[in-house]
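The exercises below ask you to read a protein model step by step, beginning with the surroundings of its ligand. Try each task on the structure before you turn to its solution.

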Amino acid sequence: MNNRGSIYIYYISGTGNARSASYWIADEAEKNNVNTRVQQIDRLIDIDLPPAGSDHLLGFAFPTHGFNAAPIMLRFIAGFPRGRGKEVFLLNTRGGLKLSKLFLPGLSGVALLLPAFILFLKGYRCIGFRQLDMPSNWISLHPGLRQPVIESISNRCERIVRKFTRKILSGKNVYRGLFSLPADLIISPIALAYYVGGRFFLAKTFIANNKCNNCGLCIKECPTASIIEISKRPYWKLSCESCMRCINNCPQRAIESAHGLAIVFWLAFSSFNALILSLIVNYFTIESSSTLWWLASNILSIAGMVAISAALYRLFHYAMAARPVKYLVRFTSLTTLPFWRRYKRLKNNKTTT
Ligand SMILES: Cc1cc2nc3c(=O)[nH]c(=O)nc-3n(C[C@H](O)[C@H](O)[C@H](O)COP(=O)(O)O)c2cc1C
């Protein structure tokens, strides 16, 4: 049954989905007498690489963010030593939902393709591509799923992961994650837009409300070290990847995704961009239908969006010392609503500790 010697799995996980998947693989492999080493790559520190010359199978598990692999995983893979024909597999967890009895899948975009391409350039051979529709954790968009739904989706995923592991261990290649290639390629421009701009905007939509007691847990646990303390309150840096770990795990439920603030930022930078772009067109008499102008205006718009959101976020951070501002920001955040559940991995699942 088992054609592989041992497995090294590297994972990043905001809210535990990719982590659970990694431990399911390890558990199944151990049952088949394959040694495994599972490591999380938080902050890209304290990570052991496989000994040089060893023939471990390598696995990378990570969440899908904006139709792409989580940026920290892309950085990790880009910095990985050269492969010399070594075999790897990739597993991306996506945002799965369930409507009545119907399991709804997420969308990968380039989440498998881009890491596979980087690994290919480094001399690795990708023998497994697997998408996994775990319960969606994106609670800035929707309330966290109910526990029975989480359980049902997770159980289904566990079976899929174990089957995937057995196939790989038996020496078979798994290309299941590439079946949606046409749709994935169609949405790849959105993946690019998210990567170069969208994620920085989202990073600036987290705030700590007046329930924050400065326990420091979010700062300590952030996988990208993107939360710092400014004026005795957590402050999210641009490097935040919106992995949702902080907002879902805050013991005080004090972290919000500030929808009202996001609208203010949006209005501010759209007006600013429109003004700047129209000034440039008029001043330089540029042909606004040219490709060059299309490219330049997009770059300018994204830069404007990031710069203005960052500046306004800093301003609001100080302004929220005043109670009325703090309350205004808090009560224009949908995540404040009592039914807006946080996403919690299963409590009785041994891989969630
Ligand atoms: C900022 C953000 C972006 C996301 N983008 C996608 C996406 O493009 N496609 C998708 O299927 N799921 C998306 N999701 C859902 C997560 O990928 C999914 O819930 C994943 O299983 C979370 O894994 P984790 O708990 O290991 O972080 C996104 C979630 C977040 C927070």
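**Exercise 1.** In this predicted model, find which of the residues around the ligand come nearest, and describe the make-up of the shell.

*Solution.* Begin with the 25 residues around the ligand, of which Gly14, Asn17, Arg94, Gly95 and Gly106 come nearest. Next, sort the shell by class, which gives nine nonpolar, 15 polar and one charged residue. Then look for the elements that take part: helix H1 (17-31) and strand S4 (87-99) each supply at least two residues, and S4 gives the most, with three residues. Finally, turn to the domains, and note that domain 1 (6-184) and domain 2 (193-336) each provide at least three residues of the shell around the ligand.

**Exercise 2.** Describe how the chain is divided into domains, and how these domains touch.

*Solution.* The chain is first split into domain 1, covering 6-184, and domain 2, covering 193-336. The centres of the two domains, taken over C-alpha atoms, are separated by 29 Å. Their contact takes 17 residues from domain 1 and 16 residues from domain 2. On the side of domain 1 that touches domain 2, there are eight nonpolar, seven polar and two charged residues.

**Exercise 3.** Locate the largest nonpolar core, and explain where it lies with respect to the domains.

*Solution.* The largest nonpolar core has 82 residues, and those with the most contacts inside it are Phe62 and Leu90. Because domain 1 (6-184) and domain 2 (193-336) both give residues to this core, it lies between them. To follow one of its members, take Leu90, which, when residues up to four places away in sequence are not counted, touches Phe60, Leu112, Pro115, Ala116, Cys126, Gly128 and Phe129. As background, nonpolar side chains in soluble globular proteins tend to be buried together.

**Exercise 4.** Decide whether Ala225 counts as buried, partly exposed or exposed.

*Solution.* First place Ala225 in the loop between helix H7 (217-221) and strand S8 (227-230). A residue is buried with 20 or more C-beta neighbours within 10 Å and exposed with 12 or fewer. Ala225 has 15 such neighbours, and therefore it counts as partly exposed. As a last step, compare sequence with space: Ala225 and Ser239 are 14 residues apart in sequence, and their C-alpha atoms are 8.2 Å apart.

**Exercise 5.** State how confident the prediction is, and where the pLDDT falls below 50.

*Solution.* The mean pLDDT of the chain is 94, and 97% of its residues reach 70 or more. Over residues 349-353, however, the pLDDT is below 50, and this stretch has nine contacts in the model beyond near neighbours in sequence.

Definitions and conventions: Residues numbered from 1 in each chain as written. Predicted model: local features only at pLDDT ≥ 70, side-chain atom pairs only at ≥ 80, totals over all residues. Domains from an automatic or database assignment. Contact = placed C-beta atoms within 7 Å. Nonpolar A, V, L, I, M, F, W, Y, C, P; charged D, E, K, R; others polar. Helix = DSSP H or I, 4+ residues; strand = E, 2+ residues; numbered from the N terminus. Near = placed C-beta within 6 Å. Core = buried A, V, L, I, M, F, W, Y, C linked by C-beta atoms within 7 Å. pLDDT = per-residue confidence, 0-100.
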